[in-house]
Amino acid sequence: MTGAKVGLEVRGLTKRFSPQVTVGPLSFEVMEGEFFSLLGPSGCGKTTTLRCIAGFEEPSEGSILLGGQRLDGRPPHRRDVGLVFQTYALFPHLTVFDNIAFGLRLRKFSKAEIERRVSRMLELVDLPNLSERYPAQLSGGQQQRVAIARSLVLEPSLLLFDEPLSNLDLKLRVQMRYELRDLQKRLGKTAVYVTHDQTEALALSDRIGVLSQGRIEQIGTPSEIYEWPASAFVADFIGSSNLLKARVRSAGTGADTAMETEHGLVLTVPRVADLSGGTVTLLLRPERFQMATAGNGDTSAANRFTARVRDVTYLGEDLHLRVLASERQPLLVSIKNSKGTRAIVPGDAIDLAIDPEDIHVLLR
Amino acid sequence: MQRRPHSRYWALFVGPYGAYLLVFLVLPFVNVALLSVYLHSPTKIAVEEFTATNYAKLWEVYYATLFLRTLRLSLVVTVVCAVLGYPVAYFLARSTSRIMTLGLFLLIMPLLVSTVIRVFGWLVILGSEGLVNQGLRLLGAREGMRLLHTEGAVIIGLTQQTMPFMVLPIMAAIERISPSLEEAARNLGATWGQMFVRTILPLSMPGLVSGSLLVFSVSMSAFVTPALMGGRRERMVGQQIYEEVLTAYNWPGAASLTIVLSVLVLGLVSLALWATGRRARLEISR
């Protein structure tokens, strides 16, 4: 975030498609130069929100402000907002050069100026030799770069991305992720990025707004969202997780509370202020478990239990174990691949531990 | 490349209909071509004696005007169809599938009725005691307008009959253009009109060209409509051929008219296809 100035402000945005299908009301602010992601499963309203900002959907209620000016009611061609499409939407009958020059020509720039800006943009997206090609002659990654260049060349106040990487293969997707992030930071553009890919959102964003069924579940930095999810939905959507239904066993006198899951695993968790409901959801991230081997004398660890290994998935860097703790509680455990852990086979009994601080209590 | 093995059996697929066309189209056409260079005889229809007089006669003012009028009317019908049909095609291509199905049905329905019956429909509407003139009289006009048996009537009739041939190819072409291209253009600062001229129109050009060629060729060879709705003196080539065959018994004359009409249509159509195909090839191969 370059400053505390608000770039984009969305206030109470609501779009009703039918009485049953409604998006919003949504409210969020994006700071100038900030990379903000709207993350959620398909149908959560993220694309609708983006289309309202771009002017392709008319909001039923609420307002959208860009740099303090109201956008709603303005036609799409007068919004100063650049949109990069999931399908790239390059003009197939125009060359790369003409695609990028499209907006400049509409703005009646001189021929020399267009030439200068387009070539600078081609340099920026690393496609200097392809200006005479047609979109059909480019790879997916190259097409995506042309689409980005076509929006960037107009220097819009706000860049919108509608799942721009979802049509690329994994390796290219990861590479483009870095390039996109780099480009956005270098140009200091305010960006709103729509995606259903949580890894992408975590890697790219300054802040993320997680959407579910037309509502914002949580807004926060990637680590806030991952470490302190506000709801079971967010916890489940971001990263892999063990979500265990549990109730209070004994309130405890100290800083901790003992809880018992519905499958009988007893865990010590940090004291929670409001436990009026009795049942809560516990979030245990798979990578937070420790192997407590016999040689490890750390008996002070509060949550230490034996688990039976049901199966092992070998993922190279990590091993994913599906285990039964206390004979009844299924858990997903991720551990580093090492000499010791490689020997684990289904049927083994292993000792696991998890720090109470790594157990997150979700009240909703 | 995957289709390669099939190509060996192409004769099996194309053969039966190819044979049909050969016997019932190509051979008769060759016969017509032969007939067109035979000498006309009032008693024996044609004498097997080669001559160029049938063609030379076409340079006479009467025939030259006949061809020019046919060309002009066909071009006007093509332009009117394009201007009226393009918005309809765009609307249907961007409609929900239910509206599109309904629209297609309404569009194609007239094709299910014989041309003769459709023309009689127009007679009822445009005749001197027809709907239009009755309406005009109700509005206070003293005399009815002469609508039928004019060039205008022929244009109205042909436009209505050929409209599906214009709308369908344009609609198919527009349907293939992703709506996100329209949005991209708008997002880059184009008004709706600028977007249309710079994206939809050039991208739907192949559809517009095929539609125009279909409408043009059908109009060039029209017979029933100009015969029943047109004036007696302002004929089109189709009528003239009919007259030469059935009234004047001048089969070689009819044959030469047929050959010139066919060559004219084929020539213009190939020229248009070559020009647009060349543009398309340039766009892709560069």
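**Exercise 1.** Leaving aside its neighbours within four places in sequence, which residues is B:Ile170 in contact with?

*Solution.* The structure is a predicted model, in which local features need pLDDT of at least 70, side-chain atom pairs count only at pLDDT 80 or more, and totals for chains, interfaces and linings use all residues. Residues are numbered from 1 along each chain as its sequence is written, while chains are lettered from A and ligands numbered from 1 in the order in which they are written. Two residues are in contact if their C-beta atoms, placed from the backbone, lie within 7 Å. With those sequence neighbours set aside, the partners of B:Ile170 are B:Gly85, B:Tyr86, B:Ala89, B:Ser204, B:Gly207, B:Leu208 and B:Gly211.

**Exercise 2.** Identify the element that gives the most to the largest nonpolar core.

*Solution.* A nonpolar core is a set of buried Ala, Val, Leu, Ile, Met, Phe, Trp, Tyr and Cys residues joined through C-beta atoms within 7 Å. A residue is buried if 20 or more other C-beta atoms lie within 10 Å of its own. The largest such core has 136 residues, and B:Ile170 is one of those touching the most other members. The leading contributor is helix H8 (residues 151–175) of chain B, with 14 residues; helices are DSSP runs of H or I, at least four residues, numbered from the N terminus.

**Exercise 3.** Describe chain B as a whole.

*Solution.* Chain B has 286 residues, of which 30% are buried. Its secondary structure comprises 14 helices and 2 strands, a strand being a DSSP run of E of at least two residues. The C-alpha trace of chain B spans about 75 × 70 × 35 Å along its principal axes.

Technical notes. Buried ≥ 20, exposed ≤ 12 C-beta atoms within 10 Å, placed from the backbone.
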